[in-house]
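Please open the model in a viewer and keep the selection panel at hand. The tour proceeds by selection, one stop at a time.

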Amino acid sequence: MPVYIALLRAVNVTGTPLPMAELKSICESLGFTDVKTYIQSGNVLFRSDAKEQAVADLLDAALGKKFGKRPGVMVRSTKEMEAIAGKAPFPEAKPNFLLVHFLPEAAPKNALDGMVAPDGEEAVVAGREIYVHYPIGSGKSKLKLPALKPGTSRNLNTVRKLTEMARAMEG
């Protein structure tokens, strides 16, 4: 049974509070097994026989029922997460200053058009992810990039940790 990593949008850090124990319980009620959460920012790993998009839809619908609106759930397989962590650009960037923005679908070809990066931010589009290096940190950044809006972000340290956890679950 494959291992999936689900990344919730707008939960805990900037949005709706959701205790990770409750997220785990919701996942288990959907039939997901070996459910594990990581930190309080809406990261959950689990096994499911369902396809990636079906898993994302199920979890998003369940959370939508709880919150009154769907927060957005991005799901990646272990193999995808390994590739995302492995091909991160900007090797000179501190891992906590390099964010991977996970999108629900491939970024449009013009995703970086109109980017306003007053603090020297750099971005690279890679399919369903946009990597952004924030030289002064994302919290202080004044970056404007509309293509990021439908997604959720994790810094490279978190991406690496989730990848490591998923690999361990795969055995």
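The stops below pass from the sheet to its helices, then to the aromatic rings and two backbone angles.

The model is predicted, so to speak of local features a pLDDT of at least 70 is needed and side-chain atom pairs count only at pLDDT 80 or more, whereas totals for chains, interfaces and linings use all residues. Residues are numbered from 1 along each chain as its sequence is written, and side-chain values use heavy atoms, with hydrogens and water left out.

**The sheet**

Select the four strands that form an open sheet in the order 2-3-1-4, with antiparallel pairing. Helices (H or I, at least four residues) and strands (E, at least two) are DSSP runs numbered from the N terminus; two strands pair if DSSP finds at least two bridges between them. Strand 2 (33–38) and strand 4 (73–77) are the edges: each has a single partner strand, so one side of each lacks a neighbour in the sheet. On average, neighbouring strands are turned by 20° against each other, direction ignored.

Next, select residues 3–8 and 43–47, which are strand 1 and strand 3; they run antiparallel and are joined by five bridges. Here Tyr4 stands opposite Phe46 of strand 3.

**Helices on the sheet**

Add residues 52–67: this is helix 2, which lies across strand 1, strand 3 and strand 4 and runs at about 150° to strand 4. Such angles run from 0 to 180 degrees between N-to-C directions, and axes are lines fitted to C-alpha atoms, for helices over the stretch in contact. Then add residues 156–170, helix 4, which packs on the sheet and touches strand 1, strand 2 and strand 3. The direction of helix 4 makes about 15° with that of strand 3.

**Helix 3 against helix 4**

Show residues 78–86, helix 3, together with helix 4; their axes come within 9 Å and cross at roughly 145°. Helix 3 contributes Thr78, Met81, Glu82, Ile84 and Ala85 to the contact (heavy atoms within 4.5 Å). Among the residues of helix 4 in this contact are Leu156, Val159, Leu162 and Ala166. Which classes do the residues of this contact divide into? Seven are nonpolar, two polar and four charged, where Ala, Val, Leu, Ile, Met, Phe, Trp, Tyr, Cys and Pro count as nonpolar, Asp, Glu, Lys and Arg as charged, and the others, Gly among them, as polar.

**The aromatic cluster**

Return to Tyr4 and Phe46, and add Phe32: these residues form one aromatic cluster. Rings of Phe, Tyr and Trp (its six-membered ring) pair if their centres lie within 6.5 Å; planes under 30 degrees apart count as stacked, over 60 as edge-to-face and the rest as tilted. The structure holds two such pairs. The rings of Tyr4 and Phe46 have centres 6.3 Å apart and planes at 50°, so this pair is tilted. Tyr4 is buried (under 20% relative accessible area; exposed is over 50%, partly exposed in between, with a 1.4 Å probe and protein chains only), at 8%. Phe46 is also buried, at 0%. The rings of Phe32 and Phe46 have centres 4.2 Å apart and planes at 5°, so they are stacked. Phe32 lies in the loop between helix 1 (20–29) and strand 2, 14 residues from Phe46, and is buried at 4%.

**Two positive phi angles**

Finally, select Asp34 in strand 2. Its phi is near 50°, a positive value in a residue other than glycine, and Asp34 is partly exposed at 42% relative accessibility. Phe90, in the loop between helix 3 and strand 5 (98–102), has a positive phi near 60°. Phe90 is buried, with a relative accessible area of 11%.
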